[in-house]
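The exercises below are meant to be worked through with the sequence and the model side by side. Try each task before reading the solution that follows it.

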Amino acid sequence: KVFEGCSLAYELAYAKGLTPFLRLAAQSGAARWADGVGMLAEQAAQAFAWWRGVRPPTAAVIEQLRVPLA
């Protein structure tokens, strides 16, 4: 098993649900898996901060974008 003993499989891409990578991780023994939604929101917030001088909160955005991965 590719992910046997793996504590986290992190998908850098973001999609609505399990990507093929996350599906493989889930089926192959990864203890946890996560999608790239958090990274997307955090990168956008940081870019906004660089341009506007204020960093917007991200928790609500991440929660709204997140879909169940199970």
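**Exercise 1.** Is alanine 15 buried, partly exposed or exposed?

Solution. Keep in mind from the start that this is a predicted model. Begin by placing the residue: alanine 15 sits in the loop between β1 and α1. Next, take its relative accessibility, which is 36%. Buried would require a value under 20% and exposed a value over 50%, so at 36% alanine 15 counts as partly exposed. As a last step, look at its surroundings: once neighbours within four places in sequence are set aside, alanine 15 is in contact with Asp35 and Val67. Phenylalanine 48, which is 33 residues from alanine 15 in sequence, lies 22 Å from it in space, C-alpha to C-alpha.

**Exercise 2.** Describe the order of helices and strands along the chain, and then decide how the overall spread of the protein relates to that of a compact globule.

Solution. Counting elements gives three helices and two strands, and reading along the sequence puts them in the pattern β-α-β-α-α. The radius of gyration of the protein is 14 Å, whereas the globule rule gives 11 Å for 70 residues, and because the value is well over that figure, the protein is more spread out than a compact globule. The extents can then be read off the C-alpha trace, which spans about 45 × 20 × 15 Å along its principal axes. To complete the description, buried residues make up 27% of the 70 residues, and the accessible surface comes to about 5000 Å², with 62% of it belonging to carbon and sulfur atoms. Among contacts with a separation of 6 or more, 53% are accounted for by residues 24 or more positions apart.

**Exercise 3.** Find which side chains meet in a salt bridge, and say where each partner lies.

Solution. A search of the whole structure finds one salt bridge, in which the side chains of glutamate 42 and arginine 55 meet at 2.8 Å, N to O. This pair links distant parts of the chain, with glutamate 42 in helix α2 (residues 37-52) and arginine 55 in the loop between α2 and α3 (59-65), 13 residues apart. Now consider accessibility: glutamate 42 is partly exposed, with a relative accessible area of 29%, and arginine 55, at 39%, counts as partly exposed too. For the wider setting, the protein has 7 positive and 5 negative side chains, and the centres of the two sets lie 4 Å apart.

**Exercise 4.** For lysine 16, glycine 5 and glutamine 64, state the location and accessibility of each, and set separation in sequence beside distance in space.

Solution. Take lysine 16 to begin with, which is placed in the loop between β1 (9-10) and α1 (20-27) and is exposed, with a relative accessible area of 73%. Lysine 16 and glutamate 42 are 26 residues apart in sequence and 18 Å apart in space, C-alpha to C-alpha.

Turn next to glycine 5, in the segment before β1, which is exposed with a relative accessible area of 75%. Glycine 5 and alanine 30 are 25 residues apart in sequence, while their C-alpha atoms are 6.6 Å apart in space.

Glutamine 64 remains, and this residue is found in helix α3, where it is exposed with a relative accessible area of 71%. Between glutamine 64 and glycine 53 the separation is eleven residues in sequence and 24 Å in space, C-alpha to C-alpha.

Methods
Residues numbered from 1 in each chain as written. Predicted model: local features only at pLDDT ≥ 70, side-chain atom pairs only at ≥ 80, totals over all residues. Heavy atoms only, no water. Helix = DSSP H or I, 4+ residues; strand = E, 2+ residues; numbered from the N terminus. Rg over C-alpha atoms; globule rule 2.2 N^0.38 Å. Buried < 20%, exposed > 50% of the residue type's maximum accessible area, 1.4 Å probe, protein only. Contact = heavy atoms within 4.5 Å. Areas by Shrake-Rupley, 256 points an atom, 1.4 Å probe, with all protein chains shown as cover. Lys, Arg positive; Asp, Glu negative; His and termini not counted. Charge placed at Lys NZ, Arg CZ, Asp CG, Glu CD. Salt bridge = Lys/Arg side-chain N within 4 Å of Asp/Glu carboxyl O.
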